[in-house]
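Thank you for making time for this; I would like to take you through one structure, going from its surface to its interior and then to a few points in the backbone. Please have the sequence and the model in view while I talk.

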Amino acid sequence: MLDEGENDIEVIATDKAGNETVASLTVEVNFTAPEIENVTPTEDQTVKVGETVMITFDSEPGLDASFKVYMPLTNIQNTEELPMQETEEGHYVGYWTIPQGLEADGAVIQVIAVDDFGNESTAEAEGKLTIVTDQGPGNGNPGGPGNGNPGGPGNENGPGNGNGHGPGGPNR
């Protein structure tokens, strides 16, 4: 079996006439997965559809880094594994923009780091994501339509958009 680190291997081949050939090579072995530290976000965040969340971690330089986002109660990832970039030696950064039609309370971010030997480590950010839709009373221009909740009233400047119905004027 090979040991961690460099292993010198020497092979001697001898034929029936007694002729010898010697070959040697060095094989480097690494069974240790990279350590992941300082994963962010460290605190829970409430974000809206279309907003972007920055994900970071620190580890050894030169890794293949990525992240996933898991939705609560299902442990099904919402997105494919998304890449992260090494912006400084050993510091990795990725961004996730919240897609349309998504709501969640407690989505979990997992970062993944793989070294050149194929050793993989994962870690979860302490901060969870609460994803909300941007809903509220309309706020259109005077005389124009508002943009309140579908089916909801507009503000004093006009009706709600989408399926919003409601006369102009204060929310009634």
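Val11 is partly exposed, with a relative accessible area of 44%, where partly exposed lies between buried, under 20% relative accessible area, and exposed, over 50%, computed with a 1.4 Å probe and protein chains only. Val11 is found in strand E1, and strands here, like helices, are DSSP runs numbered from the N terminus, with at least two residues for a strand (E) and at least four for a helix (H or I). Together with Leu2, Ile9 and Leu25, Val11 forms a nonpolar patch on the surface, and the four have about 300 Å² of accessible area together. Such a patch takes residues with over 30% relative accessible area and no salt bridge, joining nonpolar side chains (Val, Leu, Ile, Met, Phe, Trp, Tyr) within 5 Å and like charges within 9 Å, while the areas come from the Shrake-Rupley method with a 1.4 Å probe, and for residues only the protein chains shown count as cover.

I should say at once that this is a predicted model, in which local features need pLDDT of at least 70 and side-chain atom pairs count only at pLDDT 80 or more, whereas totals for chains, interfaces and linings use all residues. Residues are numbered from 1 along each chain as its sequence is written, and side-chain values use heavy atoms, with hydrogens and water left out.

Two members of that patch also face one another, since Ile9 stands opposite Leu25 in E2. Strand E1 (residues 5–14) and strand E2 (residues 20–29) run antiparallel and are joined by ten bridges, where pairing requires that DSSP finds at least two bridges between two strands. The two form a hairpin with five residues between them, and Gly18 in the turn has a positive phi of about 90 degrees.

Taken as a whole, the protein has twelve strands and zero helices, and buried residues make up 34% of its 172 residues.

Which residues touch the most other members of the largest nonpolar core? Of its 26 residues, they are Ile55, Phe57, Met84, Trp96, Ile98, Val111 and Ile131, a core being a set of buried Ala, Val, Leu, Ile, Met, Phe, Trp, Tyr and Cys residues joined through side-chain atoms within 4.5 Å. Strand E10 (104–114) is among the strands that each supply at least two residues of this core, and E10 gives the most, with five residues. Phe57 is in contact, meaning heavy atoms within 4.5 Å, with residues including Ile36, Asn38, Met84 and Val111, once neighbours within four places in sequence are left aside.

A search of the whole structure finds one salt bridge, which is defined as a side-chain nitrogen of Lys or Arg within 4 Å of a carboxyl oxygen of Asp or Glu. Lys68 forms it with Glu81, the closest N and O atoms being 3.8 Å apart. Lys68 is buried at 17% relative accessible area, whereas Glu81 counts as partly exposed at 43%.

Finally, the backbone. Most residues other than glycine have a negative phi, and most peptide bonds are trans. Asn38, however, has a positive phi near 55 degrees; Asn38 is found in strand E3 and is exposed, with a relative accessible area of 52%. The peptide bond from Thr40 to Pro41 is cis, with omega near 15 degrees, and Pro41 is found in the loop between strand E3 (37–40) and strand E4 (45–48).
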